[in-house]
Amino acid sequence: MLKKHALRGVKRFLSWPLAPRSFTSQPSERADCVVIGAGVVGVATARELAARGREVLVLESASTFGTGTTSRNSEVIHAGIYYPRNSLKAIFCARGRDLLYNYCSEHNVPHEQIGKLIVATSSSEIPKLNDIMRRGIQNGVLGLQMMEGSEAMNMEPELQCSKAILSPLTGIIDTHSLMLSLVGEAEINGATFSYNTTVIGGHLNETRICLHIAETKSLDNGSRSLFHPEVVLIPNLVVNSTGLSAPVLAKKFDGIHNAVIPPAYYARGCYFTLNKTKSPPFKHLIYPIPVEGGFGVHVTLDLDGQLKFGPDVEWIDGLDEISSFLNKFDYSVDATRAELFYQDIRKYYPNLKDDSLQPGYAGIRPKLSGPGQPPVDFVVQGADTHGVANLVNLFGIESPGLTSSLAIAEHIATRFL
């Protein structure tokens, strides 16, 4: 049974009396490992720490797990093709891919290794496709195959392209089932989940971070400010895995220099579903050449056979601190964006019918680079950067974060315990 009542999990976890409400006094409560954020990376980290015998408390501002980026993505298990050699994205994606396929098989998490075609739709895109192929080989991705357009179109008759790369290691996954499994395993190993519980900041006690915690509803209704926590904890290890709000939260840790916290950028991506079709026109995932900020409007399938297109890239502004902590981003889908989708999709799927796209859902990517800037790697930040002995910040965990989740968890447990 998940512990969903605000702060109840915190109080059950602690063996000392609660702290005085003023965090200026010396807190007396201690915890072992605290993971902030119950997205897939946070939950995977909690599971890994608990499996290694640590007492783990997961603090999540929402009413349940996986309500942010985890539940608003393409649900793809990536092969690890695109990322710079020896980058954290390349390393974690490759390791995480293997761990994730093994985990899904062992724990009966629905998934399917259906493969992906990366397509050049004109001769001018072929050099970029060749670059992608070289990078995938450098990253050790097995089974990549360069195809002539005719060969790819024989595999996918509705496809139009000049050339394509087949990636047989790419797959799809039921993310919610994965999360249920990870949460269950974490709890079996003693982890405690406290939902409706928001970390609003922290302060340093010598070289260790103390966390300021408040009930989510008290922030939502305005009855509590960021300067008046209800509970103060001194953990042995803190993992800031709050996704979209990770840089914002890190800036609320009094005593950490803002210079070590990377700037945050936000890219909203909309998905449209394909209707008016008896069966999916594609059996593989279809990806165009990547664009600034993302992989381009691509074809994904879910395990029920529903086909969707997306995401696009729309740069949006950040929010105030409380709204960021409570994930009050705008996830609405503007139906008029379908016009741009039709243009992009018909480059590789020319038979797409008018009025066949319906608004699906939107997600927001926590990026560390903005418009016109080159992509930035994952950041796993420890004391060697910020000087705080018990704090790990995870910044910019966008795609391939889902695929990388078990590898990131493994890395944290190995490096920081």
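This briefing walks through a predicted model, from its confidence to a helix pair, some salt bridges and a few single residues. The protein averages a pLDDT of 93, and 93% of its residues score at least 70. There are 20 salt bridges in the structure, and helices α3 and α12 sit roughly perpendicular to each other.

**Confidence**

- Two stretches need some care: residues 1-6 have a pLDDT below 50, and residues 15-24 are below 50 as well.
- Residues 1-6 still make 21 contacts in the model beyond near neighbours in sequence, while the count for residues 15-24 is 19.
- Where pLDDT is low, the predicted coordinates shouldn't be read in detail.

**Where α3 meets α12**

- Helix α3 covers residues 88-107 and helix α12 covers residues 401-416; their axes come within 7 Å and cross at roughly 100 degrees.
- Angles of 65 to 115 degrees count as roughly perpendicular, so that label fits α3 and α12.
- On the α3 side, the residues involved are F92, C93, R95, G96, R97, L99, L100 and Y103.
- They meet L402, T403, S404, L406, A407, I408, E410 and H411 from α12.
- Sorted by type, the residues of this contact come out as 9 nonpolar, 4 polar and 3 charged.

**Salt bridges**

- As a general point, side chains of opposite charge can pair when their charged atoms come close.
- D32 and R54 are one such pair, with their side chains meeting at 2.8 Å, N to O.
- D32 belongs to strand β1 (residues 30-36) and R54 to the loop between α2 (40-51) and β2 (56-59), so this bridge ties together parts that lie 22 residues apart in sequence.
- What about burial for these two? D32 has 13% relative accessibility and counts as buried, whereas R54, at 25%, is partly exposed.
- R415 and D384 also pair up through their side chains, at 3.3 Å from N to O.
- This pair links distant parts of the chain, with R415 in helix α12 and D384 in helix α11 (residues 383-386), 31 residues apart.
- R415 is partly exposed at a relative accessible area of 38%, but D384 is exposed at 62%.
- D344 bridges to K347, and their closest N and O atoms are 3.8 Å apart.
- Both ends of that bridge are partly exposed: D344 has 32% relative accessibility, and K347 has a relative accessible area of 48%.
- There's a network too: salt bridges link R268, D312, E314, D330 and R337.

**Single residues to look at**

- S218 sits in helix α7, which spans residues 216-220.
- With a relative accessible area of 8%, S218 is buried, because the cut-off for that label is under 20%.
- Leaving aside residues up to four places away in sequence, S218 touches S223, R224 and E230.
- D302 is found in the loop between β16 (298-301) and β17 (307-310).
- D302 counts as partly exposed, at 22% relative accessibility.
- How far apart in space are D302 and T45? Their C-alpha atoms are 26 Å apart, and the two residues are separated by 257 residues in sequence.

Key. Residues numbered from 1 in each chain as written. Predicted model: local features only at pLDDT ≥ 70, side-chain atom pairs only at ≥ 80, totals over all residues. Heavy atoms only, no water. pLDDT = per-residue confidence, 0-100. Contact = heavy atoms within 4.5 Å. Axes fitted to C-alpha atoms, helices over the stretch in contact; angles between N-to-C directions. Helix = DSSP H or I, 4+ residues; strand = E, 2+ residues; numbered from the N terminus. Parallel < 35°, antiparallel > 145°, perpendicular 65-115°, else oblique. Nonpolar A, V, L, I, M, F, W, Y, C, P; charged D, E, K, R; others polar. Salt bridge = Lys/Arg side-chain N within 4 Å of Asp/Glu carboxyl O. Buried < 20%, exposed > 50% of the residue type's maximum accessible area, 1.4 Å probe, protein only.
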